[in-house]
Amino acid sequence: MKLSRKNGLRASAIGALVVSGALVLSACGSDDNTEPTKGGGEKTSAAASNIKCDGAKGQLLAAGSSAQKGAMDLWVKNFQAACEGVEVNYQAIGSGGGITKFNQGQVAFAGSDSALKDEEVAESKKICKGGTGINLPMVGGPIAIGYKLEGVDNLVLDASTLAKIFDNKITKWNDPAIAKLNPGAKLPDSTIQAFHRSDESGTTQNLGKYLSTAAPADWKHDPKSKSWPAQGGQAANGSSGVATAVKDAEGSIGYFELSYATANKISTVSLNTGASAPVAATSENASKAIAAAKIKGTGNDVALSLDYATKAEGAYPLILVTYEIACDKGNKAETLPTLKAFLNYTVSDEGQKVLAGAGYAPLPAEIAAKVRAIVPTLS
């Protein structure tokens with residue numbers, strides 16, 4: 001199917017999570033081309049007009065989720081333009097790699113598409129002296145199932161069929177299970193090339209959670225695994241690597257964030273969820289599924305529980321929320337002001353507004369407000 005693009009921003013926060021955003025070409029920068037003010041000024045243009053530097057200085061190191069790379073590129077550009085002399089270095093090495101670096105004390109914060117596991121929280125206490133690592137949601141959106149299949153523009157799959165494809169149980173494009181979901185489509189008698197992540201990834205984990213929840217009889221693998229758990233298939237590094245592989249290989253299928261599909265002009269699967277019509281992978285449709293999310297974290301931890309099996313009309317259930325993971329207490333004194341200033345910006349109205357133009361879904365007001373209250377308390 002062809003991706004739909006909507007330029008309007010819909011925001012809602014009535015009682016539960018509702019995420020909105022526009023679906024346009026993913027970009028690594030903003031339209032802000034102005035020069036930073038001299039002398040440590042805090043304003044440059046409309047894109048950075050409300051950014052407060054609050055003592056930010058020097059270099060801030062971070063690493064993790066490749067899902068949020070496009071958003072992070074925008075945030076970093078605007079923040080550095082506003083705060084002269086500050087450098088934010090974010091390495092998109094995957095959620096697992098980011099958490100490892102965080103728990104080794106190599107970065108000030110990590111980006112992750114899934115909340116910390118209990119053992120990762122326990123490990124973080126060695127680095128967060130007197131405190132612990134906490135999950136701060138920063139952006140949401142759909143995980144697209146991208147494919148390249150000549151002559152098939154509107155492919156529909158369900159959780160069961162996807163599970164069998166990625167588990168190497170369905171290997172041909174004209175398999176009866178696929179044909180049943182796509183009556184009239186000219187499906188070739190060719191081998192499916194299924195691509196997955198080679199690195200530890202929260203995107204992989206969220207796909208596993210979706211498959212194990214929506215098709216438990218067909219996906220028996222550990223839904224908490226950030227590493228690819230199934231046999232067969234081909235591997236590529238990062239969401240960008242999987243997207244490039246799918247774009248280049250006829251008969252391929254893979255998973256990555258919607259922004260990568262948009263940027264690479266890759267067709268995406270509509271999911272048969274049991275609703276009256278298949279649901280396309282759009283930010284708006286993901287919003288309807290994320291609306292059912294609940295906070296499962298306690299105290300300053302804002303980990304969320306997502307509903308991967310929703311059958312609500314127009315709700316796209318294959319979703320993720322990306323977190324920034326930081327110490328609630330015990331952050332390094334030399335980087336703490338920059339850490340707080342940067343996260344204050346990313347979760348601010350100003351920081352969230354830039355997400356809509358990059359294929360991401362901003363946080364709802366309710367959750368954003370909770371995170372905004374926590375960031376200033378980091379110590």
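## Close-up views of a predicted model

A search of the whole structure, which is a predicted model, finds one cavity of 30 Å³ or more.

**View 1. The largest cavity holds about 90 Å³ of space.** Its lining is made up of 13 residues, and those nearest the centre of the cavity are G140, G141, E257, L320 and Y360. Two or more lining residues come from each of β4, α8 and β13. The largest share belongs to β4, which gives four residues to the lining of this cavity. Sorted by character, the lining of the largest cavity has six nonpolar residues, six polar residues and one charged residue.

**View 2. The largest pocket has a volume of about 580 Å³.** It is lined by 28 residues, and the closest to the centre of the pocket are A115, L116, K117, K296 and A303. Several helices and strands each supply at least two residues of this lining: α3 (118-124), β4 (133-148), α6 (202-214), β12 (304-305) and β13 (319-327). The lining of the largest pocket divides into 10 nonpolar, 10 polar and eight charged residues. Both β4 and β13 thus appear in the lists for the largest pocket and for the largest cavity. Empty space of this kind is shown by rolling a probe the size of a water molecule over the atoms.

**View 3. The helices α4 and α6 cross at roughly 125°.** Their axes come within 9 Å. Because angles from 115 to 145 degrees fall outside the perpendicular and antiparallel ranges, α4 counts as oblique to α6. The crossing of α4 and α6 is left-handed. Helix α6 also supplies at least two residues of the lining of the largest pocket.

**View 4. N168 has a positive phi, near 65°.** Most residues other than glycine have a negative phi. N168 is found in the loop that runs between α4 (159-166) and α5 (176-181). Is N168 buried, partly exposed or exposed? The relative accessible area of N168 is 46%, so N168 is partly exposed.

**View 5. K265 also has a positive phi, near 55°.** Like N168, K265 is a residue other than glycine. K265 lies in the loop between α8 (258-264) and β9 (267-268). Its relative accessibility is 73%, and K265 therefore counts as exposed, the cut-off for exposed being over 50%. The helix before this loop, α8, is one of the elements that give two or more residues to the lining of the largest cavity.

Definitions and conventions. Residues numbered from 1 in each chain as written. Predicted model: local features only at pLDDT ≥ 70, side-chain atom pairs only at ≥ 80, totals over all residues. Heavy atoms only, no water. 1 Å grid on protein atoms, 1.4 Å probe; cavity = no way out; pocket = protein on both sides within 12 Å on 5 of 7 lines; lining within 4 Å. Points joined across faces, edges and corners; volume = space filled by probe spheres on them. Nonpolar A, V, L, I, M, F, W, Y, C, P; charged D, E, K, R; others polar. Buried < 20%, exposed > 50% of the residue type's maximum accessible area, 1.4 Å probe, protein only. Axes fitted to C-alpha atoms, helices over the stretch in contact; angles between N-to-C directions. Parallel < 35°, antiparallel > 145°, perpendicular 65-115°, else oblique. Left-handed = near helix turned anticlockwise from the far one by under 90°.
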